[in-house]
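Subject: Structure for your review

Dear colleague,

Please find below the structure that I am handing over to you. I would be grateful if you could read the notes that come after it with the coordinates open.

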Amino acid sequence: MSGVASTLAKKRAQAAGFGTNAKATKYLNQDFEALRSQCLSSGSLFTDSYFPAAPESLGFKELGPSSYKTRGISWKRPGELCSKPQFIVGGATRTDICQGALGDCWLLAAIASLTLNEDVLARVVPAGQGFGDNYAGIFHFQFDTRFEIEQIMVNGCYEALSGGSTSEGFEDFTGGIAESYELRKAPSNMFQIIQKALDAGALLGCSIDITSAADSEAVTRQKLVKGHAYSLTGATEVNYRGRKEKLVRMRNPWGQVEWTGAWSDNSSEWNSISASERPNASAEDGEFWMSFSDFVSHYSRIEICTLTPDAITSDSVKHWAVTNHDGTWRRGSTAGGCRNNAYTFWMNPQYVIKLNEEDDDPDDNEVGCSFVVGLIQKNRRRLRKAGEDMHTIGFAIYELPSQFHGQRDVHLDKNFFLTHAQKARSETFINLREVCTRFKLPPGEYLIVPSTFEANKDGDFCLRVFSEKQTETLPCDDPVDAELPDETVSDSEVDSGFRGMFVKLAGADMEISATELTTILNRIIAKRTDIKTDGFSLETSRVMVNLMDDSGNGKLGLGEFATLWKKIQRYLVRDPTDCA
């Protein structure tokens, strides 16, 4: 029940524009302005029941209640740590970000890059917050709702943030798509790709691989940190001894420990270039320059996050087109596994992409349409507490035969996949949160099939396509016809008997919350011996409230509850043989 209700609720919200920056979805229906006003009126500081100041919010293993690392921990507000706390003074900069003991350098490197784009930063950290007269112990931030929003709260605890890639942080903050390049196999135009990405307002991160656990955050002789996430914040060329020298600017989120090789702070190389070309590079602030050749030699990979059009306000930036599709893999119906599972692969969700226009890029001597496909598995990080982790995921791309062009109400069967080879595929199937690959294919129509490696693995995903030119990407499935009656009930249509029942159930506020709805539904369902069910969870009730809540206050009024009740009654009186 929760899956159907959740899908309908999401579609309804998207159609109304909710989930966009202008109409941000309220996490668990928490309204920042309302909560802050309540606290200010009562003279109290906010406490969050969803993320309490308690041991379970720290972690589950290394930071768990029995860990020596959490002994003697006490929770304090900023005013208890210093007399005059400040939130942001003089604007946020990349040098403000410093890492503590938690292994979340991947997230902090993303935040440091975020400060380079004021528009994106303002989306994530809305203005009008601080420790002044309006301080009430509560702050609010905005993250992309397709991913693991509210990094700490959604994932359950701080420890769930330990270990990750900078691309995860990039995407959660911006909604963009992140590509990863292994520098030992980097394309010949990697420096130009970096320059173009920076000019387009993209966010960039990089790291040095480790060969053993002992290497993690080990500092090399030239003061580079292995297994650690850096931001790449600049790229330029300077005239050095009669030739062009390519340089990149790096940032260590520790705020210290900098490269000591060529082109480092105060190195002799700077003396050989003119003052007009010399960037400011002398402070011990975690930021430093190095030659591009040294960068490729010492670092292992780079991640580039291209932003969505709504995240970029500059007219000088070339916007990429983007389409997003949420989907699910469900055991026995839509979880067919990879191509190795020849007789079930066809069951996976299918999406058609139509490439219409070739790139405007005369310098690459190639003809085709460039696009990036990203497949993200959602909500897996929060399942770590239950001992689960990421699925192994990937996707395949097929050229669509001409007889299927223009059709969307067709889900291709196993015979097609048994007789047709894939045109392209994700670089690998891997147990990361996202698989992302760049392609360049001739104009035409193609079929994208996202899947887990093994069949019958339940999961939720988001398939995204970023393209230099406008493209069409649509789900492809067999048609389903249904005529659904309008069952909306207005307050005036409610009879006196039902009104009296509602008063008893709703209480003094005359509204029914998700918690109250859970209690009501489970009492009803417990009386039905002909329906086999584990009952309604609080999460299911929240989804149902969101679906029926026209007023947007997170609760059900008289008419809203009457409409839901009408639907429930129809469900309860249906033929018991229909129950699965």
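The notes below cover the two sheets, one residue in a strand, and the cysteines.

Please bear in mind throughout that this is a predicted model.

The first topic is the six-stranded sheet. The sheet is open, its strands pair in the antiparallel sense, and their order is E1-E6-E2-E3-E4-E5. At its edges lie strand E1, residues 177-182, and strand E5, residues 287-291, each of which pairs on one side only. On average, and with direction ignored, neighbouring strands of this sheet are turned by 35 degrees against each other. Within the sheet, strand E2 (residues 203-207) is joined to strand E3 (residues 229-240) by three bridges in the antiparallel sense. Gly-205 has Ser-231 in E3 as its bridge partner. Helix H8, which spans residues 190-199, packs on the sheet and touches E1, E2, E3, strand E4 (243-251) and strand E6 (301-306). The direction of H8 makes about 110 degrees with that of E3.

Strand E6 also holds Thr-306. With a relative accessibility of 15%, Thr-306 counts as buried, because the cut-off for that class is under 20%. Leaving aside residues up to four places away in sequence, Thr-306 touches Gly-176, Ile-177, Glu-179, Ala-202, Trp-320 and Phe-466.

The second topic is the four-stranded sheet. This open sheet has the order E7-E14-E9-E12, again with antiparallel pairing. Its edge strands are strand E7 (321-329) and strand E12 (434-441), and each pairs on one side only. From one strand to the next, the twist averages 15 degrees. Strand E9, residues 369-378, runs antiparallel to E12, and eight bridges join the two. Gly-374 stands opposite Cys-436 in E12.

That residue leads to the cysteines. How many disulfides does a search of the whole structure find? The search finds zero. In general terms, a disulfide is a covalent bond between the sulfur atoms of two cysteines. Why does Cys-436 have no such bond? The closest cysteine sulfur, in Cys-305, is 9.3 Å from the sulfur of Cys-436, and the pair is therefore too far apart for a bond, the cut-off being within 2.5 Å. Is Cys-436 buried or exposed? Cys-436 is buried, its relative accessible area being 17%. Cys-369 counts as buried too, at 3% relative accessibility.

With kind regards

Note on methods: Residues numbered from 1 in each chain as written. Predicted model: local features only at pLDDT ≥ 70, side-chain atom pairs only at ≥ 80, totals over all residues. Heavy atoms only, no water. Buried < 20%, exposed > 50% of the residue type's maximum accessible area, 1.4 Å probe, protein only. Pairing = 2+ DSSP bridges. Axes fitted to C-alpha atoms, helices over the stretch in contact; angles between N-to-C directions. Contact = heavy atoms within 4.5 Å.
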